[in-house]
Structures are given as structure tokens and as C-alpha cells.
Amino acid sequence: MTDSVGKALGSGLGASATGEGVRRRRRRWAKRAALGLAVLVVAGAGGGWAVYAKLSNNITADDAAARELEQYERERPTAPVRGAQNILLIGSDTRAGDGNAQYGRDLGSERSDTTILLHLAANRRSATAVSLPRDLMVDIPGCRQSDGSRSEPVFAMFNHAFQVGGSACTIRTVEKLTGIRIDHHVVVDFSGFKEMVDAVDGVQVCLKEPIDDKAARLKLPAGRVGLNGEQALGYVRARKSLGDGSDTERMERQQRFLAALVDKMQSNDVLLNPSKLYPVLDAATSSLTADPELASLRGMYQLVRGLRDIPTERVQFLTVPRESYVYDSNRDQLVEPEAEKLFARLRADRPVAVARNTPGNGPEADGKDNSSPANGDPSPAPTFHGNTAAEHTCE
């Protein structure tokens with residue numbers, strides 16, 4: 001397999017043409033080289049190109065969203081920092097598809113159960129995952145609906161955007177809210193989440209008290225507990241019966257679980273071991289819908305390559321500063337100017353600091369510039385309530 005990559009590189013370097021012909025050849029051998037690298041990841045699992053094709057074909061390309069977003073290109077934010085990436089991760093509560101029907105009746109109103117904005121720094125030395133509450137009151141633009149008609153702009157709960165116009169409507173809503181350009185998006189359903197957790201042989205969490213939740217199909221003892229895929233899904237989705245019953249507490253639980261998942265993958269050397277990475281990729285890709293550029297093994301591998309060397313203490317999770325909506329305590333609204341401080345720093349690819357919830361550090365965080373400068377940034381990084389992938393263990 002490495003010989004084929006070498007030949008591809010050699011043929012491009014050996015070309016004697018100039019001008020546009022040279023540029024075409026360079027693009028051709030660069031593409032072949034990248035493809036060869038992706039193949040090397042799965043070659044250890046056997047099957048070579050057959051394995052590559054299987055994993056790539058697992059992913060559904062979200063062509064409809066790409067066409068919709070293209071129509072609104074002029075109104076979308078620009079990406080001011082070269083190399084930085086913003087990826088919208090959408091957890092869908094659809095009951096359609098294999099393995100999802102058991103979670104309830106498909107009412108034809110698919111919503112975004114969980115939405116996370118993942119910012120990858122241009123130098124790939126940090127990653128910041130920002131949870132967006134589904135009950136957040138936001139301006140949702142007019143969007144193309146599944147029947148081809150267009151909805152009217154509306155001020156409503158954030159997860160209404162996905163229900164009305166799918167991923168494209170959600171992306172446009174997030175961009176309008178944050179001013180941040182979304183480079184890629186991934187939608188995963190219940191089944192895909194479970195399979196990925198099982199592919200890494202479960203994830204360990206720490207529970208302060210026992211859980212016996214019939215609605216979530218979850219019965220667990222207190223202390224250090226290993227969760228399989230089914231248990232993990234119940235753990236991250238439960239809302240009213242765990243903690244204080246708020247969506248904020250549920251998002252924090254999701255963040256702690258994702259931190260544990262990241263740590264599990266890095267500590268077990270999953271991302272650098274083809275034989276371990278293959279089952280994870282197979283499980284992860286089987287229930288994914290992604291933008292066309294990301295909807296291939298090569299696209300996913302390039303994303304993973306950007307994540308694998310980030311230290312767990314630099315993988316940060318936080319919730320956008322929010323508070324109860326002034327007209328309905330069961331809804332949320334942004335806390336300003338703290339939310340805009342966060343969005344501005346992400347747009348500029350500047351560092352953001354997180355601190356765990358302690359007395360004096362409330363659940364919404366203050367966004368104050370109370371930390372020391374990092375990465376050469378002349379201004380201090382504002383601190384928000386959250387945690388890192390290194391802070392999920394039992395204390």
C-alpha cells in the first residue's frame with residue numbers, strides 16, 4: 001500500500017510540464033497521497049480497498065443541506081482564521097432507521113436532541129466543544145422544509161430549526177446566532193451513538209448516587225461504573241429523573257461523558273492503531289450523515305488526524321452562557337455580553353479557559369477575563385464554566 005502512495009508521489013514529482021499542467025499534476029498526486037494515507041489506516045484490518053469502500057459507503061452525504069446552504073452563501077459568515085475549523089455535531093432524536101424504533105414512536109417531527117459546536121484551533125493544539133441548549137430562544141430564518149415549501153422566519157426554541165428544515169436550517173440558525181462559519185456538520189442518531197460506545201468496549205463514568213430510571217431503562221450503582229452503548233444512551237439522554245431535572249444539568253452530564261469517551265480513545269491508543277480504529281470507524285460511520293466533503297473515510301480520517309495529538313487537558317467542554325428566558329422559565333436565553341465574548345474568541349481562534357463548577361463559579365460562568373494569557377495571546381482568556389477531557393475521573 002505504501003508503494004502505491006510512493007508511486008503516486010513519484011509520478012507527480014517526475015512530471016516535466018510547466019504552468020497549468022504542473023498544477024494539475026500536483027493536485028492529482030496530492031489527492032492520491034491523501035487517499036493512500038486514509039487507506040493505510042484500515043489496511044491493518046484487512047481487505048484494503050474493500051474495507052475503505054465499505055467505511056466510506058457507510059456515511060450518508062447530506063447533499064440536500066449542501067444545496068440549501070449554497071443558496072445562502074452571500075449571507076453566511078466568513079472564516080477569518082485560515083486553518084481553524086468549526087464543526088456542528090447534531091444528535092438526532094429520529095426514531096426512523098435500524099435500532100431506533102425502540103426509543104418511541106416516530107411522530108414525523110425529528111428534532112435535534114443535542115447540538116454541539118466543536119471548534120478546532122488552527123494549530124490543532126486545542127479543541128473547544130460548546131453545547132447549545134435545545135430550549136434556547138433564537139431567531140430561526142425561513143427554511144426549506146421536507147415537502148419543498150419554505151417556512152416563515154420565527155423566534156422559537158433552537159431545536160425547532162432542525163424539526164423545520166433539518167441540518168441546513170440548524171446551521172443557518174447557529175451562524176446567525178454566533179457569527180461563526182460552520183465548516184462541516186455531522187448528524188448521528190441513537191443507534192450510531194450506542195455502536196460507537198460499544199466499539200471502544202464501553203466508557204467509565206462516576207456516579208454520586210445510584211440510578212434507577214425506568215424511562216431511561218437505566219439501573220446503575222453509585223461509584224465507578226462502566227457503561228455499554230445502551231446504558232450510555234440512557235445516561236446522556238435522561239433529563240427529568242437525574243440531577244435537578246434541568247437541561248443544563250443534562251448537557252453537563254453529556255459533556256462529562258464525551259470527555260470520558262475522548263480520554264478512553266486516547267489512552268487506549270485507538271486513534272493510532274489501525275486494528276483498534278477500524279471497528280470504531282465502522283460503528284461511527286454506520287449511522288452518520290455528514291456534509292459531502294466530510295462524508296468519506298478520507299474526510300473523517302483527516303478530521304481524526306487533527307484531533308489525535310490534542311492533549312486531553314486542552315479538549316474543553318462548556319455550555320454557552322445562558323439563563324432562564326425572561327418570559328418563560330422553562331426556556332433559555334443567552335447571557336450577554338458573556339455569550340458574545342465566547343463567540344468572538346472562537347471566531348478569532350483565540351483561547352478560551354474553562355473552570356469546573358465551584359462556589360463562586362456559577363453554572364452559567366461569568367466570562368470574566370480572569371485567567372492568564374495563553375498561546376501568546378496578548379489578552380487574557382475569559383473563563384467559562386466547563387471541564388476538560390482530563391477532568392472526568394472520580395475524585
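**Notebook: helix α4, the disulfide and strand β4**

I began with helix α4 and looked up its packing partners: the buried residues of α4 pack against α5 and β7 (184-188). I note at the outset that the model is predicted.

*Entry on α4.* I then asked which residues of helix α4 (residues 63-71) are buried. I found A65, E68 and L69. They cover an arc of only 95 degrees around the axis, so I place them on the same side of α4. On the other side of α4, I recorded R67, E70 and Q71 as exposed.

*Entry on the disulfide.* I searched the whole structure for disulfides and found one. The partners are C143 and C169, with their sulfur atoms 2.1 Å apart. I looked up where the two cysteines lie: C143 is in the loop between β5 (137-140) and β6 (154-157), and C169 is in helix α5 (residues 160-178), so the pair ties together parts that are 26 residues apart in sequence. A disulfide is a covalent bond between the sulfur atoms of two cysteines. Next I checked the handedness of this one. The torsion about the S-S bond of C143 and C169 is about 75 degrees, and the disulfide is therefore right-handed. I also asked whether C143 is buried or exposed. At 1% relative accessibility, C143 counts as buried. For C169 I read a relative accessibility of 1%, and C169 counts as buried. Helix α5, which holds C169, is one of the elements against which the buried residues of α4 pack.

*Entry on β4.* I turned to strand β4 (residues 127-131) and its surroundings. The strand is mostly covered, with five of its five residues buried. In a regular strand the side chains alternate between the two faces of the sheet. I therefore listed the two sides of β4 separately: A127, A129 and S131 are on one side, T128 and V130 are on the other, and all are buried, which means that both faces are covered. For the pairing, I noted that five bridges join β4 to strand β13 (residues 315-319), and that the two strands run parallel. In this pairing V130 stands opposite L318 in β13.

*Entry on T128.* I examined T128, which lies in β4. Its relative accessibility is 5%, and since buried means under 20%, T128 counts as buried. What does T128 touch, not counting residues up to four places away in sequence? I listed L117, L118, H119, Q316, L318 and L346. With Q316 there is also a polar contact of 3.4 Å, which joins the side chains of T128 and Q316.

Notes: Residues are numbered from 1 along each chain as its sequence is written. This is a predicted model: local features need pLDDT of at least 70, side-chain atom pairs count only at pLDDT 80 or more; totals for chains, interfaces and linings use all residues. Side-chain values use heavy atoms; hydrogens and water are left out. Helices (H or I, at least four residues) and strands (E, at least two) are DSSP runs, numbered from the N terminus. Buried means under 20% relative accessible area, exposed over 50%, partly exposed in between (1.4 Å probe, protein chains only). A polar contact is a pair of N or O atoms within 3.5 Å; within protein, one must be able to donate a hydrogen and the other to accept it, and residues adjacent in sequence count only if both atoms are side-chain atoms. Contact means heavy atoms within 4.5 Å. A disulfide is a pair of cysteine sulfur atoms within 2.5 Å. Two strands pair if DSSP finds at least two bridges between them. The arc is that of the directions from the helix axis to the C-beta atoms.
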